[in-house]
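Hi,

Here is the structure I promised to pass on. Have a look at it first, and my notes follow underneath.

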Amino acid sequence: MTQIAAGHAHVCALLQDGTVRCWGGNAQGQLGLGDQVDRDQAVAVPGLTGVDEIAAGGQRTCARSGGTGQCWGLNAQGQLGDGTQTSSAVPVAVSGLTDAAALHLAQNHAFVRRTDGTWAGWGMRWSGELHHGGAPG
């Protein structure tokens, strides 16, 4: 295992082979398994390979592969970064993200540090958390 990330009631681990395994609460599909069934043992997220970094926050999870990102779980405030507010129990691509260097997830929003050192964010922006608003791109 190279990294572990914990959300509200779930945990995911990044393995040395670039795959991700998740377990715990799954009410919003935050395990990425295509359903909303809680798991008490680690299960591989289907189709997710070549992952460099994972992050979890609230009831969602994201993975970075090279400069791109994928997120899954709760999306009521645009937390998945795909331009919708539709939750997903499988990984969906973060719109317009091609130069991600690092991920950080909080309860209702996410930030990415880009390769040029700038930051972008998406998700809830009720209190100005994102500064610029909108999905990266």
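To read the first number below, you need one rule: the radius of gyration is taken over C-alpha atoms, and the value for a globule is 2.2 Å times the number of residues to the power 0.38. With 137 residues, that rule puts a compact globule near 14 Å, and the protein comes out at 13 Å, so the two agree. Keep in mind that this is a predicted model.

Now the overall picture. The protein has 0 helices and 11 strands, so to speak a run of β after β when you read along the sequence: β-β-β-β-β-β-β-β-β-β-β. The C-alpha atoms fill a box of roughly 40 × 30 × 20 Å along the principal axes. Of the 137 residues, 50% are buried. Taking contacts between residues at least 6 apart in sequence, 36% join residues at least 24 apart.

On the surface side, the accessible area comes to about 6,300 Å², and carbon and sulfur atoms account for 50% of that. As for charge, there are 7 positive and 10 negative ones, and their mean positions are 3 Å apart.

Next, the cysteines. How many disulfides does a search of the whole structure find? The search gives 2 disulfides. With bonded cysteines counted along the chain, the pattern is 1-2, 3-4.

One disulfide joins C12 to C22, with an S to S distance of 2.0 Å. C12 sits in strand β2 (residues 10-14) and C22 in strand β3 (residues 20-24), so this pair ties together parts that are 10 residues apart in sequence. The torsion about the S-S bond of C12 and C22 is about 110°, which means the disulfide is right-handed. Both C12 and C22 are buried.

The other link is between C62 and C71, whose sulfur atoms are 2.0 Å apart. The C62 and C71 link is right-handed as well, with 105° about the S-S bond. C62 and C71 are buried too.

I also went through two single residues in some detail.

Let me start with A13, which lies in strand β2, the strand that also holds C12. Is A13 buried or exposed? Its relative accessible area is 4%, and under 20% counts as buried, so A13 is buried. Leaving aside residues up to four places away in sequence, A13 touches M1, Q3, I4, T19, V20, R21, W23 and I54. Two of these contacts, V20 and R21, fall within the residue range of strand β3, given as 20-24. G24 is 11 residues from A13 along the chain, and their C-alpha atoms are separated by 12 Å.

Then there is H104, in strand β9 (residues 100-105). H104 has a relative accessible area of 46%, which makes this residue partly exposed. Which residues does H104 touch, not counting those up to four places away in sequence? The answer is A110 and F111. H104 and G57 are 47 residues apart in sequence, yet their C-alpha atoms are 8.4 Å apart in space.

If you open the model, I would begin with the C12 and C22 disulfide and A13 in strand β2, and then move on to H104 in strand β9.

Cheers

Terms used: Residues numbered from 1 in each chain as written. Predicted model: local features only at pLDDT ≥ 70, side-chain atom pairs only at ≥ 80, totals over all residues. Heavy atoms only, no water. Helix = DSSP H or I, 4+ residues; strand = E, 2+ residues; numbered from the N terminus. Buried < 20%, exposed > 50% of the residue type's maximum accessible area, 1.4 Å probe, protein only. Contact = heavy atoms within 4.5 Å. Areas by Shrake-Rupley, 256 points an atom, 1.4 Å probe, with all protein chains shown as cover. Lys, Arg positive; Asp, Glu negative; His and termini not counted. Charge placed at Lys NZ, Arg CZ, Asp CG, Glu CD. Disulfide = S-S within 2.5 Å.
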